[in-house]
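Hi everyone, thanks for coming along. Let me put the structure up so that we can walk through it together.

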Amino acid sequence: MLVSIHQPHFFPWYGYINKIASSDVFIVLDECQFTKGSKMNRQTLLCNNKQLKYITVPVEKKDILEKKYNEIIISSDSWKDSCKNFIINNYCKYPFFDEVWNEINYIFDLDYKFVSEIVN
């Protein structure tokens, strides 16, 4: 039996997803300390012009480095529309976009208080 554990990441990359798929049991360690500048609430995605752009979930900054990841509060829902539009505008012409989009678009319709709710 393969058990894996990893800190949460917003829009995880292929290696993270592969780790999940390769594990019999995967544990999201969301009681770790929030790390400023990490991929815990942001991710880089490729634009049509081949430049990298960050998509970010804005968080409340007060005492952020003293809090656990599962205590980090989202400060605004503005990230939903900007992230959704970015993905549609930059990836809609790629093969399998519709299939992938059908699996992930619900993320932008849900209400969240904590960043950890998006990842879990």
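Let's begin with a question: is Lys62 buried or exposed? Lys62 is exposed, because its relative accessible area is 63%. Before going on, please keep in mind that this is a predicted model.

Lys62 has a partner: its side chain meets that of Asp63 in a salt bridge, at 3.4 Å from N to O. Asp63 counts as partly exposed, at 42% relative accessibility. In total, the count comes to 2 salt bridges.

The other pair I'd like to show you is Lys80 with Asp111, whose side chains meet at 3.7 Å, N to O. Lys80 lies in helix H2 and Asp111 in the loop between H3 and H4, so this salt bridge ties together parts that are 31 residues apart in sequence. Here Lys80 counts as buried, at 7% relative accessibility, while Asp111 counts as exposed, at 70%.

Now to helix H2 itself. H2 runs over residues 78-91 and reaches 20 Å from its first C-alpha to its last, close to the 20 Å expected. Its buried residues are Trp79, Lys80, Cys83, Phe86, Ile87 and Asn90. Looking down the axis, you'll find them within an arc of 145°, so they line one face of the helix. They pack against strands S3 and S4 and helices H3 and H4. On the other side of H2, Asp81 and Asn89 are exposed.

Last stop, the surface. Met1, Val3, Ile5, Val25, Ile27 and Leu29 make a nonpolar patch of about 560 Å². Strands S1 and S2 each give two or more residues to that patch. Ile27, for one, sits in S2 and counts as partly exposed, at 38% relative accessibility.

How values were computed: Residues numbered from 1 in each chain as written. Predicted model: local features only at pLDDT ≥ 70, side-chain atom pairs only at ≥ 80, totals over all residues. Heavy atoms only, no water. Helix = DSSP H or I, 4+ residues; strand = E, 2+ residues; numbered from the N terminus. Expected span 1.5 Å × (residues − 1). Buried < 20%, exposed > 50% of the residue type's maximum accessible area, 1.4 Å probe, protein only. Arc of directions from axis to C-beta. Contact = heavy atoms within 4.5 Å. Patch = residues over 30% accessible without salt bridge, like charges linked within 9 Å, V, L, I, M, F, W, Y side chains within 5 Å. Areas by Shrake-Rupley, 256 points an atom, 1.4 Å probe, with all protein chains shown as cover. Salt bridge = Lys/Arg side-chain N within 4 Å of Asp/Glu carboxyl O.
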